[in-house]
Amino acid sequence: MKKIFLMTALGLTVAFAGSVAPVNNALYQKECASCHFGYQPALLSKTSWEKVMGNLSDHFGTDASLGKAEHDQILAYLVSNAGSGKIAANNNSMRITESPKFIKEHREVPARLITQKEVGSLSNCSACHTLADQGNYSERAIKIPNYGRWE
């Protein structure tokens, strides 16, 4: 009985450890993740991805325009893999950092750890989340530069 309980608890821990499906689209990697961290589609809602892709000529202050075919392929990938659960819920903005779940998870991080040059901003996920590229945002995989593990 103990063994079954332990295995169930371990399974639930893994299931709720802050993981999302990693990026698995070569065109998205080439066109988007070559300039910034390749955010997993599950981190934003369908509506949010449509907004992000709606004006690439002014993509957060940069011209990230694409040809129609590339645009449509990337949009289809993002929308079909968009988040619908706790991570993307109640956020229809274009910023992952504005989602209630994101804000809740980062509320205790002191500004000095975020603004340091090795991090820069909360949008630089991979600065602290060592397995972010694999879709793993669990606390066990956090190592903040000039601070260490987040406990």
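Is Trp 150 buried or exposed? Trp 150 is buried, and its relative accessible area is 17%. The cut-off for buried is under 20%, so Trp 150 falls on the buried side. The model is predicted. Its chain has 151 residues, and buried residues make up 35% of them. The secondary structure comes to six helices and two strands.

**Overall build**

- Starting at the N terminus, the elements run α-α-α-α-α-α-β-β.
- Among contacts with a separation of 6 or more, 58% link residues 24 or more positions apart.
- The chain exposes about 9,600 Å². Carbon and sulfur atoms supply 57% of that area.

**Aromatic pairs**

- The whole structure holds three aromatic pairs.
- One of them joins Tyr 28 and Tyr 77. This pair is tilted, with 5.8 Å centre to centre and 50° between the planes.
- Tyr 28 belongs to helix α2 (residues 26–31) and Tyr 77 to helix α4 (residues 68–80), so their pair ties together parts that are 49 residues apart in sequence.
- Tyr 28 and Tyr 77 are both buried.
- Tyr 147 and Trp 150 form another tilted pair. Their rings lie 5.8 Å apart, centre to centre, and 45° separates the planes.
- Tyr 147 has 44% relative accessibility and counts as partly exposed. Its partner in the pair, Trp 150, is buried.

**The largest nonpolar core**

- This core has 23 residues.
- The residues with the most contacts inside it are Tyr 28, Tyr 39, Trp 49, Ile 74, Leu 78 and Tyr 137.
- Helices α2, α3 (46–54) and α4 each supply at least two of its residues.
- Two domains contribute to this core. Domain 1 (20–94) and domain 2 (108–150) each give at least three residues.
- Tyr 28 therefore has two roles in this picture: it pairs with Tyr 77 across α2 and α4, and it is among the residues with the most contacts inside the core.

**Around Tyr 39**

- Which residues does Tyr 39 touch, not counting those up to four places away in sequence? They are Val 23, Tyr 28, Trp 49, Ile 96, Ser 123 and Cys 125.
- Two of these, Tyr 28 and Trp 49, are also listed with Tyr 39 for the most contacts inside the core.

**A separate core**

- Apart from the largest core lies another, of nine residues.
- Its residues include Val 109, Leu 113, Ala 127 and Trp 150.
- Trp 150 thus appears both in this core and in the tilted pair with Tyr 147.

Technical notes. Residues numbered from 1 in each chain as written. Predicted model: local features only at pLDDT ≥ 70, side-chain atom pairs only at ≥ 80, totals over all residues. Heavy atoms only, no water. Helix = DSSP H or I, 4+ residues; strand = E, 2+ residues; numbered from the N terminus. Buried < 20%, exposed > 50% of the residue type's maximum accessible area, 1.4 Å probe, protein only. Contact = heavy atoms within 4.5 Å. Areas by Shrake-Rupley, 256 points an atom, 1.4 Å probe, with all protein chains shown as cover. Phe/Tyr/Trp six-rings, centres within 6.5 Å; stacked < 30°, edge-to-face > 60°. Core = buried A, V, L, I, M, F, W, Y, C linked by side-chain atoms within 4.5 Å. Domains from an automatic or database assignment.
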